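Reader: Got a minute to walk me through this one? I'd like to go through it bit by bit.

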Amino acid sequence: MNRIKISIYYLQELNYRLTYAIFGTIFIFITTYTYKQGLIFIFLPKGLSHFVSIGLTEIFFTYLQLCTIFSFSFGLGIALIQLYLFLRPGLYAFESKTTFNILIAAFFFYICLYLFLFPIIIKVLWKIFSSYSQNFTAIDLTFEPRLQDYLTHLQQLNKALTIGFPCLIILNILQIYTSRHILVKYRGIAYITAFSIAAFITPPDVLSQTLIGLPLIIFYEIQLKFWHLHEEYKKNILIRQPIKSYKNSH
């Protein structure tokens with residue numbers, strides 16, 4: 001009976017925490033939809049005069065798509081925090097501290113990503129691709145951006161950048177629990193895995209998959225080099241330490 005009571009208690013607490021996450025997601029969705037126009041203006045590049053919309057319902061569904069992406073992104077963070085708070089009493093001190101550090105690192109990673117890196121990438125990409133429509137002088141043509149296409153590309157870029165932190169965590173775990181010689185030996189499998197991830201989260205074209213798969217491979221090589229230097233550093237420290245003599249050894 002005591003086990004049944006404890007199980008019911010834990011299920012009730014889990015339901016409460018999931019309810020908090022759901023209500024938080026709904027609240028964020030309502031807030032973003034209320035300020036939907038200001039939210040879109042945040043992501044518009046500077047110097048843009050207008051977007052083209054070809055359907056009466058396109059604007060409405062674009063607003064819904066943008067608000068859904070925002071609400072689910074923040075809702076996932078709320079759900080992970082609630083899950084950590086639910087599992088923390090049953091974790092060891094080391095596990096609890098490690099999970100907490102991962103959550104804090106993820107928080108600062110995504111804050112820096114969306115406040116600093118994401119606007120810079122949008123600005124650079126907009127200048128690169130908009131220059132082609134301005135310098136097309138062979139024929140008198142005018143290219144105008146579509147709102148749906150622009151937000152679709154932003155969503156793909158967001159998906160590609162969001163997966164960066166989990167990939168870094170997985171690479172660190174592999175580096176800790178796997179020998180470096182094995183990682184070097186099966187380097188080709190890591191390359192295939194990187195392009196498989198890129199094919200899963202990007203459109204089916206070679207350029208998009210290369211833009212996502214190549215940074216993952218660079219991260220992999222940087223991790224290998226970093227851990228190699230770390231091992232060499234530890235060896236030098238051990239070599240330079242004096243040998244301690246034990247008492248009563250003679």
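Reader: So is Cys67 buried or exposed?
Author: Cys67 is buried, because its relative accessible area is 0%. Here buried means under 20% relative accessible area, exposed means over 50%, and partly exposed is in between (1.4 Å probe, protein chains only). The areas come from the Shrake-Rupley method with a 1.4 Å probe, and for residues only the protein chains shown count as cover.

Reader: Before I go on, where do these coordinates and cut-offs come from?
Author: This is a predicted model, where local features need pLDDT of at least 70 and side-chain atom pairs count only at pLDDT 80 or more, while totals for chains, interfaces and linings use all residues. Residues are numbered from 1 along each chain as its sequence is written, and side-chain values use heavy atoms, with hydrogens and water left out.

Reader: Ok. And Cys112, how does that count?
Author: Cys112 counts as partly exposed, at 42% relative accessibility.

Reader: How many disulfides are there?
Author: Zero, from a search of the whole structure. A disulfide would be a pair of cysteine sulfur atoms within 2.5 Å.

Reader: Back to Cys67. What else is buried in H3?
Author: Besides Cys67, the buried residues of H3 include Glu58, Thr62, Tyr63, Leu66 and Ser71. Gly75, Gln82, Tyr84 and Phe86 in H3 are buried too.

Reader: What span should H3 have, going by residue count?
Author: H3 (residues 58-87) has 30 residues, so at 1.5 Å a residue it should span 44 Å; its end C-alpha atoms are 43 Å apart, which agrees. The expected span is 1.5 Å times one less than the number of residues.

Reader: Zooming out, how many helices and strands does the chain have?
Author: The protein chain has nine helices and zero strands. Both are DSSP runs numbered from the N terminus: helices are H or I with at least four residues, strands are E with at least two. Of the 250 residues in the chain, 22% are buried.

Reader: Which residues are buried in H8?
Author: Ala194, Ala198 and Ile201. They cover an arc of only 80° around the axis, which puts them on the same side of H8. That arc is taken from the directions from the helix axis to the C-beta atoms.

Reader: And what's on the face turned away from the buried side of H8?
Author: That face of H8 carries the exposed residues Ile189, Ile192 and Phe200.

Reader: Switching to charges: how many salt bridges?
Author: Two, searching the whole structure. The criterion is a side-chain nitrogen of Lys or Arg within 4 Å of a carboxyl oxygen of Asp or Glu. Arg187 pairs with Glu221, their closest N and O atoms being 3.2 Å apart. That pair links distant parts of the chain, with Arg187 in H8 and Glu221 in H9 (residues 206-240), 34 residues apart.

Reader: What's the partner of Arg17?
Author: Glu13, with the closest N and O atoms 3.4 Å apart. They are four residues apart in H1 (residues 2-34), so about one helical turn separates them. Glu13 counts as buried, at 19% relative accessibility.

Reader: Last thing: which residues form the nonpolar surface patch?
Author: Phe100, Ile104, Phe107, Phe108, Ile111, Leu115 and Phe116, with about 710 Å² of accessible area together. Patch residues have over 30% relative accessible area and no salt bridge; like charges are joined within 9 Å, nonpolar side chains (Val, Leu, Ile, Met, Phe, Trp, Tyr) within 5 Å. Phe100 sits in H4 (residues 93-134) and is partly exposed at 42%.
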